[in-house]
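Got a new protein model open and not sure where to start? Here's a quick tour to read alongside it.

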Amino acid sequence: MFFYCEDAPLFCQTWMTALQRSPHEREQRLQELTHALNGADPLMRAWIGYTYGCAHAYHEHIDAAEMALETAQQAFEALDLSIAVLHCRRALLYLATLKGAGRAIQADFAALVRAYIDAQRPLDAARTQCLQLEHVVFLRELTDTQRLIESARWLEQYGSTTDQAWLAYTLADVESFQGSYKQAYEQIDLAYTRFSELMQPIDRARCQFRRATIQLRSGAFTKAYDELEAVLHTLQPYGLALHTALTYRNMGAACLRMSDYRRAMQHTWQAHRAFETLGRIDGMADCALHLGAIAYQVGRYELALMYYRRAQAGYERIESGRLARMACRGQVMVQVHLNDLATAQALLATLQPAATGIEVAELDSIQAGIAYQQGNYAEARTLLPRAIAIFAANEQPVAAGQCWLDLGLIELADLHIHHALAALSQAQAALHEQPHHQWRIAYGLARCAELQADPNALAYYQQASAIIANLRTDIANAYASSGIALQAQELYAHALRYAWQQGDLPAALSLMEQQRALTLSLQIAGDRIPLPADLQERLEQQQAAFQQSVYPATETATIDPALIEYMDTWMHISSLQWQGELSPFDLAAVREHLDQVYPAGWLVLCYAALADDQLLLLQLDAHSISGDLLHLDHATQRLIHDVAQPIHLEYICCDRSRLYDPSQRPWHELASLAECVLPRSLWQRLRPAQRLLIIPTGPLHAIPWAALRLGETWLCERAVLQFVPSLAAWWLMSQRQPAGDGALLIGCHDVGDQSPRLPEVHAELDNVMHWCRNYVITRLEDAQPEGAATRQHVLDLQHTGALQRYRLIHIASHAYMLSQSGMLAHIKLVDGNLWLNDIATLTLDHALVVLAVCHGAESDVLPGEELLSLGHAFLAAGARDVIAHVGLLAGSPSQQLLDWLYQALNDGRDVPSALAFAQRNSIAAFQGHGGEFQIERSPFIWCGLLVMGAGVVGGL
């Protein structure tokens, strides 16, 4: 607005008008100004400098503009041209707003307005007040702005067309912030028309941006995003750094509101990097607020809390109380979800005194959520209608819809079905663009239908489950996906139970497949995109910081803050790195394919938890689906927990309890566990050559399935065991055909003081080489000059594409899985750790991976059956099959087992059959009972080994 200046020489006015009409000619125009300086007198030089600064400001080149304007101001002061000095001050204040200056410059604006009035320049005073009003809106503080609005409106009657356009542009923001969207659209359309008449394309684009902002505030998220995409395209030739950053920020906000988490993260991080370059504290705070909201919506509350606190600190630095309160409200909502109601109430109490208008409604809705969690439905019923009325009066349909949804779920919890249906109907109309809320509406309708014995209940459950699956597959990140799954855990259990009760087992299987291990499936099916260098560097720095702090002696709590930062990096990486879609589950096609690849017969066991003490087991074969509800009493739950601990597993597998009570049946714990998770009706269906595909759930991932005792035999004797994340994932993996002719053998005898030496590694690799003699072998072992077993060497093989030539990868070293922090799982190599994320982003060409390490199959099991494990990471990297151990792999005693394994693979058996051969040979050689006990021949040696993957191709 300050660009037009009647006091400037005609040459400068004409030049500035030409630049605004043809902004793409900026460089040429700036050269013209530079030439004009030659021979110019001091007055003209000052005005040219002023114009030069305005030109840079117009294109948002803040540093160059600031330097030119400060020089011009000094020149005008030397020439005693007070009005020109005021113009420079105004221009510099405009630059301060572009830099994100806080409340402090409001006093400077007010002083400048008084100076213009004292100089009898009412038009310039009004222009300055219009700029001041724009800054007030930026601070989101409109409680006392009516005077500014009335003063600025003086431009409507007395200002130029440019003044009128800028006034309309500013008033559009004021009106939209106050919820007067009709008036806001009228003002921005007027501004757009005026700038069109003036033939100023940059200003037209700025109007488009503001129109999209209005659409965003009014709940028209799809329109807003489309408009912002057009703005971005328009702005690109002009290099407007600030508006480009603002556009990315708002695109991220639009995607967030549409629950498009992948694009929301991508755009928000693009904006954050741009704001960081510009030094815009407010912009970085906005991005932190949006990232907090993304983390909140996907259920990563610890990450959300970190970002909301960052946002509040940023807003406090610019002295924007309203925005700081908004960030604090986010923290309150997080504390409510973390069930820390005392902290939530305390924070809420600090917000309430300053709340006005919409803020009152927002706080009421949060207070209603607290009341609901405390079981105080009456208070919630009082607060929510009051909030709805305020939101409706301020044209906030989405916020009102959220309150209707909360009210509907409260009425449902109180079994007021008709009231619940009415409220859910209101929510459905308002929240049609928000899947994050749509699934809750569908779930509420399903519960209402089920309680009314309405047969449409299953359709509603399926609709809600499909929405959740879409949200989870939007971002291929195990933590984000599991956070969403955790929010929908009750829905999932209700839907499965209802399908079971209705006898619709295909629907139950479909619901299971719709939600299981979606991140891994996406990583298997999707395309991988290289990471930006800055993000890769940040990941490397964080991993280096963990290098010395992630061993069993370290308490997890000591690295929690760093883990949160690492989780953030993981989510950022996932939003960029994995691109792809999953096909719908096709049971008929999967069955047909299973028949083709397992002609000796097959049976699928698919488990799902309905409650802590209840599992649903579906048995799928070529012709039927059957189901069982399994009840886990406290003793069984304790036993499942115990066998997941190495020391307990050794005790149980070595049958040590019979030493104290010989009357017990052999391996009675393993027999009891088998009876709990494998119905006796299933035992008769098993045959030694039959493929048994097991899809565990929760703690069942950690039990020693091979050693489950069925009468006088072990499960691995009764069937060929194979573990798959889901049938959909198996389908994807079974399409993989290995093409390599190489074998990569990695062995580490000594990885430093924190881990014991592994003296058997050299002999182990020699033995593997014997069985792989027809392969081109690459052997990386310890710190040998040629072929060191280093992380860098593995990454070099990845970068050169050499990893894709290996049909077999065998790794013998130490590995660690930190409890509750699966993302820190790693394999130790000579120069450092090969981290879970390093592994998942390798590019393998359908290799068989043998992990002769401890904890290779141990998993951090997250909701939605998202597993963080070394084995799953290799599957994500492109492995066809992975052989790994769920616990501690015995060193020397395991060598005979591995020898049998490779013998079977060399004979052409597929991987699960080869492991079954090895385990059965170990069982046949067992001499523990009836003679001196030998641990190397006990089930402890072989029970924890398992195969995960396709299991459809001959071994070596």
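What follows goes through the cores, the salt bridges, two residues around one helix, a hairpin and a surface patch.

Keep in mind that this is a predicted model. The structure holds 41 salt bridges, and its largest nonpolar core counts 157 residues.

**The nonpolar cores**

- In the largest core, with its 157 residues, Tyr50, Phe76, Tyr315 and Leu496 touch the most other members.
- Helix α5 hands over the largest share of this core, namely twelve residues.
- There's also a second core, separate from that one, with 135 residues. Among them are Leu539, Tyr607, Leu615 and Leu700.

**Salt bridges to look up**

- Start with Arg127 and Glu6, which form a salt bridge whose closest N and O atoms sit 2.8 Å apart. Arg127 belongs to helix α7 (residues 122-139) and Glu6 to the segment before α1 (10-21), so this pair ties together parts that are 121 residues apart in sequence.
- The two partners sit in quite unlike spots: Arg127 counts as buried because its relative accessibility is 0%, while Glu6, at 35%, is partly exposed.
- Next, try Arg685 and Asp621, where the closest N and O atoms of the salt bridge are 2.4 Å apart. Arg685 is in the loop between α37 (680-683) and β6 (691-695), and Asp621 is in the loop between β4 (614-620) and β5 (625-631), so the pair links parts that are 64 residues apart in sequence.
- Arg685 is partly exposed, with a relative accessible area of 27%, whereas Asp621 is buried at 13%.
- Some salt bridges share partners, and in that way Glu6, Asp7, Arg90, Arg121, Asp124, Arg127 and Asp163 are joined into one network.
- For a local example, look at Asp203 and Arg206, whose side chains meet in a salt bridge (3.1 Å, N to O). They are three residues apart in helix α12 (residues 201-218), so about one helical turn separates them. Both Asp203 and Arg206 are buried.

**Helix α10 and the loop after it**

- Tyr169 lies in helix α10 (residues 161-177), and it counts as buried because its relative accessibility is just 4%.
- Leaving out residues up to four places away in sequence, Tyr169 touches Glu134, Ile188, Ala191, Arg206, Cys207, Arg210 and His243. Arg206 in that list is also the salt-bridge partner of Asp203.
- Tyr169 and Asp189 are 20 residues apart in sequence, and their C-alpha atoms are 8.7 Å apart in space.
- Ser180 is in the loop between α10 and α11 (181-197). Is Ser180 buried or exposed? At 19% relative accessibility, it counts as buried, because the cut-off is under 20%.
- Setting aside neighbours within four places in sequence, Ser180 is in contact with Glu175 and Glu395.

**A hairpin**

- Strand β14 (residues 826-829) pairs with strand β15 (residues 832-835) in the antiparallel sense, over four bridges.
- Which residue in β15 is the bridge partner of His826? That's Trp835.
- The hairpin gets from β14 to β15 through two residues.

**A nonpolar patch on the surface**

- Leu43, Leu79 and Leu81 make a nonpolar surface patch of about 210 Å².
- One of these, Leu79, lies in the loop between α4 (62-78) and α5 (82-98). Leu79 counts as partly exposed because its relative accessibility is 34%.

Key. Residues are numbered from 1 along each chain as its sequence is written. This is a predicted model: local features need pLDDT of at least 70, side-chain atom pairs count only at pLDDT 80 or more; totals for chains, interfaces and linings use all residues. Side-chain values use heavy atoms; hydrogens and water are left out. Patches are made of residues with over 30% relative accessible area and no salt bridge: like charges are joined within 9 Å, nonpolar side chains (Val, Leu, Ile, Met, Phe, Trp, Tyr) within 5 Å. Accessible areas come from the Shrake-Rupley method with a 1.4 Å probe; for residues, only the protein chains shown count as cover. A salt bridge is a side-chain nitrogen of Lys or Arg within 4 Å of a carboxyl oxygen of Asp or Glu. Buried means under 20% relative accessible area, exposed over 50%, partly exposed in between (1.4 Å probe, protein chains only). Two strands pair if DSSP finds at least two bridges between them. Contact means heavy atoms within 4.5 Å. A nonpolar core is a set of buried Ala, Val, Leu, Ile, Met, Phe, Trp, Tyr and Cys residues joined through side-chain atoms within 4.5 Å.
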